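Trainee: Could we walk through this model together, one question at a time?
Mentor: Happily; have it open in your viewer and we will begin.

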Amino acid sequence: MRMLINVPETVVADGLRGMAAAHPELNVDVENRVIVRRDAPVAGQVALVSGGGSGHEPLHGGFVGPGMLSAACPGEVFTSPVPDQMARAAAAVDSGAGVLFVVKNYTGDVLNFDMAAELAEDEGIQVAKVLVNDDVAVTDSLYTAGRRGTGATLFVEKIAGAAAAEGQPLERVEAVGRQVNENSRSFGVALSAVTTPAKGSPTFDLPSGELELGIGIHGEPGRERRAMMTSGEIADFAVHAILEDMPPRNPVLVLVNGMGATPLLELYGFNAEVQRVLGERGVTVARTLVGNYVTSLDMAGASVTLCQVDEELLRLWDAPVKTPALRWGM
């Protein structure tokens, strides 16, 4: 096992301590596993809270800040945070305007966020929820009833976060988040397996010279395995799978996302192929984001997420944001 860690048991706590040292604009509660923007609660604004297992960084903690999340709750590696974390986060960021939970569709996350909502509501906090389920690769995979939540989480958190920053009410911020999810589809591919600190070896077997089409962000099985394909062939397959499920009507936001171990040079090359396929299919691209945003530890590979946007959603996407991992306009 070659990992830049001390011991597996402290990897999440160590990462949070390092994040606190690097980002004084955040309050990082290492013991209770809650990351909160330092100026929270912000008067008159709906607060956004998200979270999930660690190992997908910068999701979610890297998206805490003005214009995006108010708080994030990291669980153990690939393990849902517990309800007390989300309830604590909601109490820390609620200004009285309500709290929106952004939840990826994994069974543990869904159950624990639902329990957290009950705890928060018992304390007089109004809570709404957006469930992210954008992955077109498979249905009813490991950890999931229905489609998995993947790259569209970034789009939901950014666009709904912008609506909240404008002072829009909870009902509207929730509606915007749901619209973004409904307008988004994703497809991922793995070139190597993921290794968790606790296991110290790959979590599944992917022979040399093969890839997994439709992989999940925890290494869940995809649609099929094939012999290694070129970047262009992978782009053809992924974009076709997305557009088959969501025929384009409006311009799209494009996220070409690295799984953690794929160099940026390769991601940009892959983006060129994705843009080629979209052009061939007559899809207008409004904005493109390339990088490692919704990762799976040391997995090599990439995912493509498309989100259809109208003028209002595009305006909210372009609105200022200032987080550790995503920032513009400020």
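**Sheets, cores and a buried asparagine**

Mentor: Strands β5 and β6 run parallel and are joined by 6 bridges. Strands and helices here are DSSP runs (E, at least two residues; H or I, at least four), numbered from the N terminus, and two strands pair if DSSP finds at least two bridges between them. This is a predicted model, in which local features need pLDDT of at least 70 and side-chain atom pairs count only at pLDDT 80 or more, while totals for chains, interfaces and linings use all residues. Residues are numbered from 1 along each chain as its sequence is written, and side-chain values use heavy atoms, with hydrogens and water left out.

Trainee: Which residue in β6 is the bridge partner of Val102?
Mentor: β5 covers residues 99-104 and β6 covers 127-132. Across this parallel pair, the bridge partner of Val102 is Val130.

Trainee: Which are the edge strands of the sheet that holds them?
Mentor: The sheet is open, with 6 strands in the order β1-β2-β4-β3-β5-β6 and mixed pairing. An edge strand here pairs on one side only, and that applies to β1 and β6.

Trainee: Which side chains of β1 are buried?
Mentor: Buried means under 20% relative accessible area, exposed over 50%, and partly exposed in between (1.4 Å probe, protein chains only). Along β1, residues 26-29, the side chains alternate, and Asn27 and Asp29 point to the face that is not buried. Those pointing to the other face, which are buried, are Leu26 and Val28.

Trainee: Which residue takes a positive phi in the hairpin of β1 and β2?
Mentor: β1 and β2 (residues 34-37) pair in the antiparallel sense over 4 bridges. The hairpin has 4 residues between the strands. The positive phi, near 60 degrees, belongs to Arg33.

Trainee: Which element gives the largest share of the largest nonpolar core?
Mentor: A nonpolar core is a set of buried Ala, Val, Leu, Ile, Met, Phe, Trp, Tyr and Cys residues joined through side-chain atoms within 4.5 Å. The largest has 48 residues, and Leu48, Leu100 and Leu154 touch the most other members. Elements supplying at least two residues each include α1, β5 and α8. The largest share, 9 residues, comes from α4.

Trainee: What angle does α5 make with β6?
Mentor: Axes are lines fitted to C-alpha atoms, for helices over the stretch in contact (heavy atoms within 4.5 Å). Angles run from 0 to 180 degrees between N-to-C directions. α5 lies across β3, β5 and β6, and its angle to β6 is about 5 degrees.

Trainee: Why is one side of β9 and of β11 left without a neighbour in the sheet?
Mentor: The second open sheet has 6 strands in the order β9-β8-β7-β12-β10-β11, again with mixed pairing. β9 (224-227) and β11 (285-291) stand at its edges, so the reason is that each has a single partner strand.

Trainee: Which residue in β12 is the bridge partner of Phe187?
Mentor: β7 (residues 184-190) and β12 (residues 301-308) pair in the antiparallel sense over 7 bridges. Within β12, the partner of Phe187 is Val304.

Trainee: Which side chain makes a polar contact with that of Asn112?
Mentor: Asn112 sits in helix α3, residues 107-122, and is buried, with a relative accessible area of 15%. A polar contact is a pair of N or O atoms within 3.5 Å; within protein, one must be able to donate a hydrogen and the other to accept it, and residues adjacent in sequence count only if both atoms are side-chain atoms. At 3.1 Å, the partner is Ser80.
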